[in-house]
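Me: Could you take a close look at one part of this model for me, the place where the two domains meet? I would like the cut-offs along with the numbers, please.

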Amino acid sequence: MTTALSENAISKPTPRLAELFTVFFHAGLIGFGGVMPIARRLIVEEKKWLDNAAFTDLLGPSQFLPGAMVVNLAIAVGTRFGGTMGAIVAVLGLLSAPTIIVLALAALYGRIHDNPQVEGLLAGLAAAATGLFIATALKMARPLHGKRVGIFIAAATFAAMALLKLPLFATILIMTPISMILQRRFGP
Amino acid sequence: MMSDLLALVLVFGQLSVLAIGGPNPILPEMRRQAIDVHHWLTAPDFAALFGLAQAAPGPNMMVVTLIGWQAAGLPGALIATLAIFGPSSLLAGVVFTTWNRLQDQPWSKLLRAGLAPVTIGLSLAGAGTLAWTMGQNWLSVLIIAGSAIALVRTRLPPFLIMAAGGLIGLAGSFW
């Protein structure tokens, strides 16, 4: 359960606007192939702004709201610690480096697109990013240990998305009420 | 030029709130608008820029920045980026302000507890699908497994793990 959320939030370090910017800038700058694993490492493990449960709690809506998940996550974290300004600052921090890098890559594109060394480098970065995604998902799953309903719901959601290829929104709309009903009836 | 900027705002502003789970659901309509309707770029360009946006840091949605750049240069890139992230961000701002305010309501706690394992399942599925797509040869499988283990087992900063993966990929291209 996520009851620790509200009580602990007060005693935890509260980031200032400049810190919100730099953390998301950092995540955007090195997030080749995906920003989320790096954002979680910085926010949960290094800065300790949120614990694992509170992070998962904000990641849920970030996934089902439209838009890029990490942008929504930046808004979630920014809003929580700095209101509207916090959200704006976090999103600007997140997107400024990638915007410049992607435009620079596009400008170079004519020269690099059939260079095997560049392709090898980018493929290696993408593969490493994939590994970080797997590790991050596994870390998020740790609190499920010993929770029968939680494990069942996570496994069923995994199967619906990865094996049955159901649409994301339908999966969330079906699985969340089932999860709520089962947890109410049988506990976590 | 002005008409292209306006078209970028209209096309991507609308697609913004339909992009649930990232760019995949809006990809067909994005392609149709950019290639067939507005002739901002060709189909091979579109595929190449999508690959570039995936490889570059930041959300994959940044393919939109590149389409804007093709359509109207730097102003186009900035306007398109603003259009694709603006409306969805406003919605997220409203939702999260409410979400934070309601965190002590009993039904809200039940909703959060219900959503948590679904979120974890989605993250695992996303990681699994990504690994399935990316693990095309033994070298990438090796990098994927190695970096996953490195992040779980060690305190190495993700930056170093990424750099190692890139260097191994680079070395592999010489061989």
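Reply: Happily! In this predicted model, domain 1 of chain A and domain 2 of chain A bury about 1,300 Å² between them, with 75% of it on carbon and sulfur atoms; buried area is the accessible area (1.4 Å probe) that two parts lose on being put together, summed over both. On the domain 1 side, A:F32, A:P37 and A:F64 supply 35% of the area that this domain buries against domain 2, more than any other three residues.

The two domains span 4-112 and 116-186 of chain A, with bounds from an automatic or database domain assignment, and their C-alpha centres lie 19 Å apart. Domain 1 brings 14 residues to the contact and domain 2 brings twelve, where contact means heavy atoms within 4.5 Å.

As for polar links, the rule finds one salt bridge across the interface (a side-chain nitrogen of Lys or Arg within 4 Å of a carboxyl oxygen of Asp or Glu). The side chains of A:E45 and A:K139 meet in a salt bridge at 3.0 Å, N to O. Two residue pairs are in polar contact between the domains, both at pLDDT 80 or more; that term stands for a pair of N or O atoms within 3.5 Å, one able to donate a hydrogen and the other to accept it, and residues adjacent in sequence count only if both atoms are side-chain atoms.

Residues are numbered from 1 along each chain as its sequence is written, and chains are lettered from A and ligands numbered from 1 in the order in which they are written. Local features need pLDDT of at least 70, side-chain atom pairs count only at pLDDT 80 or more, totals for chains, interfaces and linings use all residues, and side-chain values use heavy atoms, leaving out hydrogens and water.
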